[in-house]
Amino acid sequence: MTDRRRVPIDEKGMPVRKEDVGADAEGCECPRLDREGWDGVESDWSDITFVKTMTNAVMGVPVGYDGARDELRRKAAKAGGTIPEDAMLLNGRGRFRRPVMLEVEGVAADSEVERPGGVAYTRIFEAPWGQLGKVAEETEREAEAKYGRKPDAIWIWYLTCRYCSKARNFETLVAAHFGLPR
């Protein structure tokens with residue numbers, strides 16, 4: 001008979017990854033943004049660069065997220081770029097496939113990267129389970145009222161992981177992106 005292997009789980013019953021053992025809200029390395037600099041603020045995206053991939057989603061919930069992040073890191077290295085500290089990791093919309101972008105710096109001009117340009121109107125919310133759609137729609141309405149048209153894209157940046165989410169009340173940044181006029 002083989003020995004039973006114990007797999008630690010978090011409060012939601014999800015398996016704990018080895019690299020996360022011992023992480024908590026205080027020791028977590030998730031980004032902490034200054035509300036004053038990000039909430040209700042317009043950001044210039046003319047000089048920002050991302051590597052992009054797609055991940056599967058089940059009813060809008062991304063799956064295979066760790067694999068997507070690893071792929072983005074490989075793409076950044078291949079493009080000769082570096083990933084800045086607290087780089088934006090943005091999730092787009094989609095029920096079955098979702099775009100995921102990671103901010104990079106120092107890539108060559110001819111690299112296969114995303115340069116969205118334009119501006120982004122950002123809001124920071126506490127968005128526990130089931131609230132994300134509501135706050136994304138709220139941001140979209142605010143941005144449309146402010147800029148006179150619907151945003152070209154809505155991006156989500158989860159600012160917490162499964163260990164600090166509860167302590168930080170699922171802090172999330174929503175970015176309404178407006179590309180350059182056509």
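Which residues does tryptophan 45 touch, not counting residues up to four places away in sequence?

**Entry 1: tryptophan 45**

I opened the model, which is predicted, and went to this residue. Tryptophan 45 touches Phe50, Met88, Leu90, Pro116, Gly117, Gly118, Val119, Ala120, Trp155, Ala175 and His177, with residues up to four places away in sequence left out of the list. I then looked up its accessibility and that of one partner: tryptophan 45 is buried, and phenylalanine 50 is buried too.

**Entry 2: the chain as a whole**

I stepped back to the overall layout. I found three helices and eight strands in the protein chain. Going along the sequence, I read the pattern as α-β-β-β-α-β-β-β-α-β-β. The protein chain has 182 residues, and buried residues make up 42% of them. I also checked how far along the chain the contacts reach. Among contacts between residues at least 6 apart in sequence, 70% join residues at least 24 apart.

**Entry 3: the nonpolar cores**

I asked which residues of the largest nonpolar core touch the most other members. They are Trp45, Leu90 and Trp157, in a core of 26 residues. I noted where this core draws its members from: β2 (49-58), α2, β4, β5 (97-104), β6 (119-126), β7 and β8 each give at least two residues. The largest share, four residues, is supplied by β5. Another core lies apart from this one; it has 11 residues, including Ala127, Val135, Ile154 and Phe178.

**Entry 4: aromatic pairs**

I searched the whole structure for aromatic pairs and got four. One of these pairs is formed by tryptophan 38 and tryptophan 157, with 5.8 Å centre to centre and 70° between the planes, and is edge-to-face. Why does this pair tie together parts that are 119 residues apart in sequence? Tryptophan 38 lies in helix α1 (residues 35-38) and tryptophan 157 lies in strand β7, so the pair links parts separated by 119 residues in sequence.

I compared the accessibility of the two partners. Tryptophan 38 has 23% relative accessibility and so counts as partly exposed. Tryptophan 157 has a relative accessible area of 3% and is therefore buried.

Next I took up tryptophan 45 and phenylalanine 50 again. Their ring centres are 5.6 Å apart and their planes stand at 55°, so I entered this pair as tilted. I also noted a cluster in which ring pairs link Tyr121, Tyr147 and Phe178.

**Entry 5: leucine 33 and glutamate 36**

I looked at leucine 33, which sits in the segment before α1. Is leucine 33 buried or exposed? Its relative accessibility is 15%, so leucine 33 counts as buried. With neighbours within four places in sequence left aside, leucine 33 is in contact with Trp38, Ile124, Trp157, Leu159 and Leu173. For one of these partners, leucine 159, I wrote down both separations: leucine 33 and leucine 159 are 126 residues apart in sequence and 8.3 Å apart in space, C-alpha to C-alpha.

Glutamate 36 is placed in helix α1. With a relative accessible area of 72%, glutamate 36 is exposed. I also checked its C-alpha atom against that of isoleucine 124: the two atoms are separated by 9.8 Å, and the residues are 88 apart along the chain.

**Entry 6: positive phi values**

I looked for residues other than glycine with a positive phi and noted two. Aspartate 86 has a phi near 55°. The loop that holds aspartate 86 runs between α2 (65-78) and β4 (89-91). At 39% relative accessibility, aspartate 86 is partly exposed.

Asparagine 169 has a positive phi of about 55°, and it is not a glycine either. I placed asparagine 169 in the loop between β7 (153-158) and β8 (171-178). Its relative accessible area is 29%, so asparagine 169 counts as partly exposed.

**Entry 7: the second largest pocket**

Last, I turned to empty space. Rolling a probe the size of a water molecule over the atoms shows where such space is left. I looked up the second largest pocket, and its volume is about 180 Å³. Which residues line the second largest pocket? The lining consists of Val51, Arg74, Lys75, Lys78, Ala79 and Glu112. The largest share of this lining, three residues, comes from α2. Sorted by class, the lining has two nonpolar, no polar and four charged residues.

Key: Residues numbered from 1 in each chain as written. Predicted model: local features only at pLDDT ≥ 70, side-chain atom pairs only at ≥ 80, totals over all residues. Heavy atoms only, no water. Buried < 20%, exposed > 50% of the residue type's maximum accessible area, 1.4 Å probe, protein only. Core = buried A, V, L, I, M, F, W, Y, C linked by side-chain atoms within 4.5 Å. Contact = heavy atoms within 4.5 Å. 1 Å grid on protein atoms, 1.4 Å probe; cavity = no way out; pocket = protein on both sides within 12 Å on 5 of 7 lines; lining within 4 Å. Points joined across faces, edges and corners; volume = space filled by probe spheres on them. Nonpolar A, V, L, I, M, F, W, Y, C, P; charged D, E, K, R; others polar. Phe/Tyr/Trp six-rings, centres within 6.5 Å; stacked < 30°, edge-to-face > 60°.
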